[in-house]
Amino acid sequence: RNEIVDLEIESLALGGKGVAHVDGYAVFVRRALPRQRVRVQIVRPKKSFAEARVLEILKHSPEEVVPPCQYFGTCGGCLLQNLSYDAQLQQKQSQVEETIKFLGGFDPVPLLPILPSPDIFFYRNKMEYSFSPLRWLSREEIDSENEIERNFALGLHVPNVYDKVVDIHQCHLLSEQSNELLNFIRDFSKNSRFEPYTTKSHTGYWRFLVFRETQDKTQIMINIVTADDAGGNKAVEKMAKQIQEKFPFVTTMVHNINRKKAQIAFGDEERVLFGKGFIEERLGNRTFRISANSFFQTNSRQAERLYELVVERGDFRGNEIVYDLYSGTGSIGIFIADKVKKVVGFEIISAAIRDAQENAKLNHIDNCEFVLGDIKDQVLNTEELKKKFGAPDVVIIDPPRSGMHPKVPGKIIELSPEKIIYVSCNPATLARDLKILCEKEYRLISVQPVDMFPHTAHVETVAVLTK
């Protein structure tokens with residue numbers, strides 16, 4: 001611990017840390033890039049690896065670029081913004097291959113070239129900002145002679161610091177028009193007599209600000225999340241009137257009142273202040289209604305390409321019964337519905353089931369059924385499932401980052417579909433689950449990385465398995 005070492009960074013690990021080796025001993029370095037030479041301090045030595053932090057960059061990487069965001073390195077939202085996009089794609093491709101090879105035991109890995117995002121800035125359709133009475137100050141702000149207000153911030157949390165927020169005036173992830181709104185709402189709320197909410201004393205009013213917008217920027221929703229206060233609620237109504245007058249491109253605004261102590265951007269009560277209370281996104285020939293608390297893929301343009309990939313890999317003939325596990329709001333099932341005989345979606349969150357049913361109606365789809373319940377419980381009796389819904393020809397899996405529950409892979413094998421399409425946001429849990437599925441019954445045909453989130457360490461993957 002605390003030893004100073006000079007290292008040559010070889011690559012990026014899952015999670016975005018730089019990887020170097022000293023006599024075969026791995027060192028993971030925060031905020032280091034491939035082909036940099038860095039002087040680091042060991043902060044956490046373990047038996048088989050260590051973690052370190054950069055003290056000095058001795059040699060810059062030829063793949064480094066100047067990050068456009070003034071908050072880079074502070075808010076933690078875009079960890080890799082100082083690495084060229086081509087280099088980001090190369091690292092993500094390698095991460096998927098190495099993870100599936102070493103954790104899954106596949107050699108060679110049937111890997112296809114990573115699918116880049118069509119947009120690398122302003123690509124998100126949702127941003128969630130936090131209010132805080134504790135503003136994080138940069139070193140430059142601390143050293144500045146100017147007086148800086150410290151007791152109000154609207155922006156993004158500093159990584160690993162739960163209560164301090166970087167006060168952000170321009171973000172490169174959503175859209176320029178959302179930045180205008182962000183700054184207006186900051187000024188309005190700061191000049192009101194109400195304080196940001198704090199979990200230390202559970203006092204204050206302003207809690208979260210969430211923007212959602214369609215990929216063509218024609219519909220934008222503002223969701224303001226607050227504590228409950230009669231005077232504050234009137235102030236939000238006044239804010240809404242001013243937004244309608246100043247920003248006619250805003251199509252709807254909702255107010256979520258959260259009376260709980262927990263800091264979550266959901267409300268116990270929702271008020272529609274103007275507009276319909278939702279926006280409608282088009283993916284392919286489908287329309288999806290997105291309310292304030294709906295889950296929806298955050299990069300709309302790339303989500304459309306991801307779903308087209310599922311259609312392509314499914315190679316559907318029109319007579320298939322498809323089980324869609326972890327179906328969420330039904331977006332994949334609804335997208336493929338006209339290509340197959342029937343889709344049965346399984347999902348644990350009741351609100352997501354309601355959204356899925358609503359979206360099926362919206363698109364005049366009558367061959368999608370959505371079943372509420374925990375996947376591990378739903379698939380326990382596979383024969384009962386087959387009797388009720390028909391034996392699946394294809395199973396689509398799109399689980400959370402933790403992957404499938406240990407009981408589920410064996411049950412999928414019992415269901416015996418001809419094809420499995422596994423959509424994953426975590427190569428490590430994907431590799432673990434593929435290893436089980438391919439032990440006897442299935443063969444891994446292809447692995448397609450998809451970059452949904454440029455400048456971050458995340459990578460999506462679509463794996464196809466056949467009997």
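This passage describes aromatic pairs, charges over rings and one helix packing in a predicted model.

A search of the whole structure finds 13 aromatic pairs. One of them joins Tyr129 and Phe211, whose ring centres are 6.1 Å apart; with the two planes at 70 degrees, the pair is edge-to-face, because an angle over 60 degrees counts as such. This pair links distant parts of the chain, as Tyr129 belongs to strand β7 (residues 126–132) and Phe211 to strand β10 (residues 206–213), with their positions 82 residues apart in the numbering. Both partners can then be checked for exposure to the surroundings. Tyr129 has a relative accessible area of 0% and is therefore buried, given that buried means under 20%. Phe211, at 1%, is buried as well.

A further edge-to-face pair is formed by Phe346 and Phe389, with ring centres 6.0 Å apart and planes at 85 degrees. Here, too, distant parts of the chain are linked: Phe346 lies in strand β17 (residues 342–347), Phe389 lies in helix α9 (residues 382–389), and the two are 43 residues apart. In this case a strand therefore meets a helix through the ring pair. The relative accessible area of Phe346 is 0%, so this residue is buried. Phe389 also counts as buried, at 5% relative accessibility.

Ring pairs do not always stop at two partners, and a cluster is worth a look. Phe131, Phe152, Phe194, Tyr205 and Trp206 are linked into a cluster by ring pairs. Of these, Phe131 falls within the residue range of strand β7, the strand that also holds Tyr129. Trp206 falls within the range of strand β10, which also holds Phe211.

Charged side chains meet aromatic rings as well. The charged end of Arg207 sits over the ring of Tyr197, at 3.7 Å from the ring centre. Arg289 likewise lies over the face of Phe278, with a distance of 4.2 Å to the centre of the ring.

Turning to the helices, helix α1 (residues 85–102) packs with helix α11 (residues 427–437) at an angle of about 35 degrees, and their axes are 8 Å apart. The crossing of α1 past α11 is right-handed. On the α1 side, the contact is made by Val96, Thr99 and Ile100, while α11 contributes Pro427, Ala428, Leu430, Ala431 and Leu434. By residue class, the contact between α1 and α11 comprises seven nonpolar residues and one polar residue, with no charged ones.

Technical notes: Residues numbered from 1 in each chain as written. Predicted model: local features only at pLDDT ≥ 70, side-chain atom pairs only at ≥ 80, totals over all residues. Heavy atoms only, no water. Phe/Tyr/Trp six-rings, centres within 6.5 Å; stacked < 30°, edge-to-face > 60°. Helix = DSSP H or I, 4+ residues; strand = E, 2+ residues; numbered from the N terminus. Buried < 20%, exposed > 50% of the residue type's maximum accessible area, 1.4 Å probe, protein only. Lys NZ or Arg CZ within 6 Å of the ring centre and 35° of its normal. Axes fitted to C-alpha atoms, helices over the stretch in contact; angles between N-to-C directions. Left-handed = near helix turned anticlockwise from the far one by under 90°. Contact = heavy atoms within 4.5 Å. Nonpolar A, V, L, I, M, F, W, Y, C, P; charged D, E, K, R; others polar.
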